Amino acid sequence: MKKKSTFSQRLLIFLLFFFLYAPIIVLIIFSFNSTKSRSVWTGFTFDWYVKLFNNSAILSALYTTLLVSVLAAVIATIAGTFAAVGLFNMKKRPRDILLQINNIPVINADIITGVSLCVLFVFLGKIFNFKLGFGTLLIAHITFNIPYVILSVMPKLRQLDKNLFEAAQDLGCTWMQAFTKVIIPEIRPGIVNGLLMAFTLSVDDFVISYFTAGSVETLSMRIYAMTKKRISPEINAISTILFVTILLLLIIINVRQAQQEKASARKRAEFENR
Amino acid sequence: MSEKLINLENIHKDYGGKVVLDNINLYVRDKEFVTLLGPSGCGKTTTLRIIGGFETPSAGVVYFDGKKINDLPPHKRPVNTVFQRYALFTHMNVYDNIAFGLRIAKVSENVIKDRVTNMLKLINLPDYAKREVSSLSGGEQQRIAIARALVNHPRVLLLDEPLGALDLKLRKEMQRELKSIQQQVGITFVYVTHDQEEALTMSDTIVVMNKGKIQQIGTPVDIYNEPKNAFVADFIGESNILDGVMHKDRLVSFCGKNFDCLDSGFEKDETVDVVVRPEDFEIVPIEDAQLVGTVKSTIFMGVHNEIMVETEDFTWKVHSIYNAEVGDKIGLFLTPDDIHIMHKS
C-alpha cells in the first residue's frame, strides 16, 4: 500500500536536497556572473571560462590531473583485475580475510591514507634518494584505486559459470588463451566500471594528492591554492567544470551498472522459468 | 588401434586424505556409449574429470589409445566436454561459440563456416547462428554446448550430467536426441548421470559407482536383471531386499520358508541378501501362494498399482495391475528366476 506523502515529509525532502545542492547551484550560477560580486547578479558572461583557459597555472594543473588520473586508472585496473582473479581462485578463508583487508582503504579516511603515504614516501625517499613529485603522486593514486577495481571486478567473477575456464581449456586454449579469450571478455563490464570509477576518484581526489604530490599541483590543489588569495570567479568556473565532469562519469557508471543488473536479472528469471 | 580407447588402471584420488576414488579399473571401447552412474558424491564426475584432464589421479595410470596421458593438459587431449551448466561463452553469439575451438586450432574460416553450419543442422537449430546465447532456452543452450564440443571432431565426448537442469519432458526428448547424435557421428560418449532410467535407456555399458568404488560394469540388461549386490539392485530400479540363508546350491530360505532359486556357489548356510523386483511377483489365490500377507496400502502409479503387502517377517513392495483393497489377504508367488541371491557386502 502506498501512502500519500504528507506536506511535512515533502518539505523535509526539499530542505534536504536544498541544503545539499544549493551551494553547488549558486556556484554554477555565479560562474556566469559578469562581475566579481558573489552576491549580486550583474549579467551573463563566459569570461571566467575564457580566462580559465588562458591561465597557465590552471592548465598545467589540469594536465597533471588528467595524466595522473589516466595513468593511475589504467595501471590500477590492470593490477586490480589480476588481483581479483587471484583472490577469486584462493581458498575461501584466506580470500575472505584479504577481501576485508582490501576494504580497509575504502572506508579509511583519506587524510590517514594521505599522511601515511606521505610518511612512507619521505622515509623511503631518504633511503633511495627521491623527492615527492609526480612519481609519488601516481603511486598514491594507483594505491587508493586498486581496492575499488577489485570491488567492481569481483562480482563479475562470481557470476561466471564455474566451468567456464575449463570449457575454454577443453576447446584447446592454453591457460593464457583461456584467460585472455574467455575470462577477460566475460568480466569486461566489471573491468570497465572499475576503470571509470578509478578515473573518477583520481580526478576528484584532493587530500591524498595534497600529501603526496610535493611540488606538483593537481587541479583540486590549484583550486585550494586559489582560495587562499583573493577569491576569483575563475574558481567558480573551474569547480563547475570539475563538478559536471564527475557528475557525468558517475551517471555513466550508474547507468552501466543498472543495465548490467537488469540483464543478469533477466537471465536469472529465464533460468528459473525453464 | 587398441580395443580399449580409454583405459583407467588402478586409479586412486584423494583430496587431503579424503578418498574420492578407490582403485578404479575401467576401460571404454571405441564408439561405445558408456555411462557412469551413481548417487552424488560417488566419484563419477571426478572420474570424468580425470579423463578430461581437469584432475590428476593421486595414483594409477590413464591410457588413451594405448598411450599414457596422465600429464597431458586438457587442451592437448582428443576429448571434448559438455559441462553441467553448459559453460557457454555469453559474450559471443551461437556461431562464435561453436566456432571457438576451431578458431583456437587455426582452422580456416571457410572450413569453420561449413562445419558450424553442419553442426547447427545436426542439433536441429539451423537458423540460430546469429542468436545471442543468453536469449536461448535451457534445452537450446544444451544443444549449443553439444555442438561446440562435437564440431572439433573429438575421439571421445565427455558429458557431465548434461540434462540435469532440464524439465522431465525435455529431458526425455534430449535423451533420444543425444543417442541419435551419437549414432550419427559415430564417436565414443562417456556420460555421467545419477538418473538410472537415463542410464538404462541410452547406454551400451553402465558403470555403477558408489563411495568411490565401481560396484558393477555391464550392459543395461545385465545390470537390471543380474545386479551384483544389494546396492546396485536398490539403485537400479526398485527392489525388495531382505536377509536370507543359503542352505545349499539353488535352495534359499527367507521368511521362514525354503525357496528354489538359480544361484549357486555359496557356502553352506551363508547369510545372503535376497533381492526381489516388485514387478516379478505374481498375485495368486491364497491356497497356491508361497507367501500370504495383508495389504497395508495401495497407490495407483499409472501403468500399475504399488501394493505394500505385510507378511509376518517383511513388508513387500509389489507392482501389479491387480486392484487390491487395504486389509485384503492376498497370496504371492515367485518362480526361481525371480529370486536373486547376493553376497553380503
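Two strands count as paired here if DSSP finds at least two bridges between them. Keep that rule in hand for the sheets on this tour. The model is predicted. Its scores are ipTM 0.80 and pTM 0.78. Chain B averages a pLDDT of 91, and 99% of its residues score at least 70.

**Stop 1: the five-stranded sheet of chain B**

Select β13, β12, β11, β14 and β20 of chain B. They form an open sheet in the order β13-β12-β11-β14-β20, with antiparallel pairing. Now color residues 257-260 and 340-343 of chain B. These are β13 and β20, the edge strands; each has a single partner strand, so one side of each has no neighbour in the sheet. From one strand to the next, the twist averages 45°.

Next, show β11 (residues 240-248) and β14 (residues 270-276) of chain B. Seven bridges hold this antiparallel pair. Pick B:Asp243 and look across to β14(B): its bridge partner there is B:Asp273.

What does the side chain of B:Asp243 meet in a salt bridge? Show side chains and find B:Lys344, with an N to O distance of 2.4 Å. B:Asp243 sits in strand β11 of chain B and B:Lys344 in the segment after β20 of chain B, so this contact ties together parts 101 residues apart in sequence. B:Lys344 has 41% relative accessibility and counts as partly exposed, because that value falls between the 20% and 50% cut-offs.

**Stop 2: a salt bridge between sequence neighbours**

Move to B:Lys268 and B:Asp269. They form a salt bridge, and their closest N and O atoms are 3.7 Å apart. Compare the two on a surface view. B:Lys268 is exposed at 67% relative accessibility. B:Asp269 is partly exposed, with a relative accessible area of 40%.

**Stop 3: the four-stranded sheet of chain B**

Select β2, β1, β4 and β5 of chain B. This is an open sheet of four strands, ordered β2-β1-β4-β5, again with antiparallel pairing. Its edge strands are β2 and β5 (67-68) of chain B, and each pairs on one side only.

Start with β1 (residues 4-15) and β2 (residues 18-29) of chain B. Eight bridges join these antiparallel strands. Pick B:Asp14; its bridge partner in β2(B) is B:Val19. Then zoom in on the turn. The two strands form a hairpin with two residues between them. Which residue in that turn has a positive phi? Click B:Gly16, where phi is about 50°.

Now turn to the β4 side of β1(B). Strand β4 (residues 59-64) of chain B runs antiparallel to β1(B), and five bridges join them. Use B:Leu8 as your marker: its bridge partner in β4(B) is B:Val62.

**Stop 4: salt bridges around the model**

The whole structure holds 22 salt bridges over all chains. For another one, select B:Asp65 and B:Arg155. Their closest N and O atoms are 3.5 Å apart. B:Asp65 lies in the loop between β4 and β5 of chain B, while B:Arg155 lies in the loop between α4 (138-150) and β7 (156-160) of chain B. The pair links distant parts of the chain, 90 residues apart. Both ends are partly exposed: B:Asp65 at 23% relative accessibility, B:Arg155 at 29%.

Then select A:Glu166, B:Lys13, B:Arg49 and B:Glu55 together. A network of salt bridges links these four residues.

**Stop 5: a buried proline**

Go to B:Pro227, in the loop between α7 (220-225) and α8 (230-235) of chain B. Is B:Pro227 buried or exposed? Its relative accessible area is 7%, so it is buried, a class that covers values under 20%. Add B:Gln216 and draw a C-alpha distance: the two are eleven residues apart along the chain, and 7.7 Å separates their C-alpha atoms.

**Stop 6: the nonpolar patch on chain A**

Finish on chain A with a surface view. Select A:Ile13, A:Leu16, A:Phe17, A:Leu20, A:Tyr21, A:Ile25, A:Ile29, A:Trp41, A:Phe44, A:Phe46 and A:Val50. Together they make a nonpolar surface patch of about 1,100 Å². Which helix gives the most to the patch? Color residues 7-30 of chain A: this is helix α1, which supplies seven residues. A:Val50 belongs to helix α2 (residues 47-52) of chain A. At 49% relative accessibility, A:Val50 counts as partly exposed.

Note on methods:
Residues are numbered from 1 along each chain as its sequence is written. Chains are lettered from A and ligands numbered from 1 in the order in which they are written. This is a predicted model: local features need pLDDT of at least 70, side-chain atom pairs count only at pLDDT 80 or more; totals for chains, interfaces and linings use all residues. Side-chain values use heavy atoms; hydrogens and water are left out. Patches are made of residues with over 30% relative accessible area and no salt bridge: like charges are joined within 9 Å, nonpolar side chains (Val, Leu, Ile, Met, Phe, Trp, Tyr) within 5 Å. Accessible areas come from the Shrake-Rupley method with a 1.4 Å probe; for residues, only the protein chains shown count as cover. Buried means under 20% relative accessible area, exposed over 50%, partly exposed in between (1.4 Å probe, protein chains only). Axes are lines fitted to C-alpha atoms, for helices over the stretch in contact, and angles run from 0 to 180 degrees between N-to-C directions. pLDDT is the predictor's confidence in each residue, from 0 to 100.
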